[in-house]
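Here is a friendly note to read alongside the model. Keep the 3D view open and find each residue as it comes up.

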Amino acid sequence: MSSPNSIPSSPSNSDPSKNIVNNLLHFCAQNGDEDNSKLAKQAIKDSQTHGIDAAMKKLAENCFKDQNTGQSLSYAEMRMRYG
């Protein structure tokens, strides 16, 4: 059983573009700053339950939302936070 902070391994997938996305998410979850790592970990979790396409849509929506307050972020605020 994995610990709450562990990151599940990237599943094998026959679609090369989805493999790239999974690999990037796992890299960011392990090596990103706190904000990026948190979003990547959530996207990994979402991809396991809802599929990678739905997870990426939710990730894009979450990038423009303050994760603590739920308030919308402007494009400039999002870029400052996530790079």
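The points below go from the overall fold to single helices, residues and pairs.

1. **What you are looking at.** Please keep in mind that this is a predicted model. The protein has four helices and zero strands, and reading along the sequence gives the pattern α-α-α-α. Of its 83 residues, 25% are buried. Among contacts with a separation of 6 or more, 32% join residues 24 or more positions apart.

2. **The nonpolar core.** Which residues make up the largest nonpolar core? There are 12 of them: L25, A29, L39, A40, A43, I44, I52, L59, C63, L73, M78 and Y82. Two or more residues come from each of α1 (16-31), α2 (34-50), α3 (52-63) and α4 (75-82). The element that gives the most is α2, with four residues. As background, nonpolar side chains in soluble globular proteins tend to be buried together.

3. **One core member up close.** Try selecting Y82, which belongs to the core. Setting aside residues up to four places away in sequence, Y82 touches D35, N36, L39, N62, C63, K65, Q67 and L73. Two of the core residues you can look for in that list are L39 and C63.

4. **Helix α1 and its two sides.** This helix has 16 residues, and the distance from its first C-alpha to its last is 22 Å, close to the 22 Å expected at 1.5 Å a residue. Its buried residues are N22, L25, H26 and A29. Why do we say that the buried residues of α1 line one face of the helix? Looking down the axis, they fall within an arc of 95°, so they line one face. These buried residues pack against α2 and α3. On the face turned away from the buried side, α1 carries the exposed residues P16, I20, L24 and F27.

5. **Two serines in α2.** Both S37 and S47 are worth a click. S37 sits in helix α2; is it buried or exposed? It counts as buried because its relative accessibility is 8%, under the 20% cut-off. Apart from neighbours within four places in sequence, S37 is in contact with C28, A29 and G32. S47 is also placed in helix α2, and its relative accessibility of 16% makes S47 buried as well. Beyond its neighbours within four places, S47 contacts N22, I52 and A55. Its side chain also reaches the backbone oxygen of I44 at 2.7 Å. For a sense of distance, S47 and K58 are 11 residues apart in sequence and 9.8 Å apart in space, C-alpha to C-alpha.

6. **Salt bridge between α1 and α3.** How many salt bridges are there? The count comes to three. One of them pairs the side chains of K18 and D53, at 3.5 Å from N to O. This pair links distant parts of the chain, with K18 in helix α1 and D53 in helix α3, 35 residues apart. K18 is partly exposed, with a relative accessible area of 25%, whereas D53 counts as exposed at 55%.

7. **Salt bridge between α2 and α3.** The side chains of D46 and K58 also meet in a salt bridge, at 3.6 Å from N to O. Here D46 lies in helix α2 and K58 in helix α3, 12 residues apart, so the pair again links distant parts of the chain. D46 is buried, at 6% relative accessibility, while K58 is partly exposed at 36%.

8. **Salt bridge involving α4.** R81 forms a salt bridge with D66, and their closest N and O atoms are 3.3 Å apart. R81 is in helix α4, while D66 is in the loop between α3 and α4, and the two are 15 residues apart. With a relative accessible area of 26%, R81 is partly exposed; D66, at 14% relative accessibility, counts as buried.

Technical notes:
Residues numbered from 1 in each chain as written. Predicted model: local features only at pLDDT ≥ 70, side-chain atom pairs only at ≥ 80, totals over all residues. Heavy atoms only, no water. Core = buried A, V, L, I, M, F, W, Y, C linked by side-chain atoms within 4.5 Å. Buried < 20%, exposed > 50% of the residue type's maximum accessible area, 1.4 Å probe, protein only. Contact = heavy atoms within 4.5 Å. Polar contact = N/O pair within 3.5 Å; in protein donor to acceptor, adjacent residues only side chain to side chain. Salt bridge = Lys/Arg side-chain N within 4 Å of Asp/Glu carboxyl O. Expected span 1.5 Å × (residues − 1). Arc of directions from axis to C-beta.
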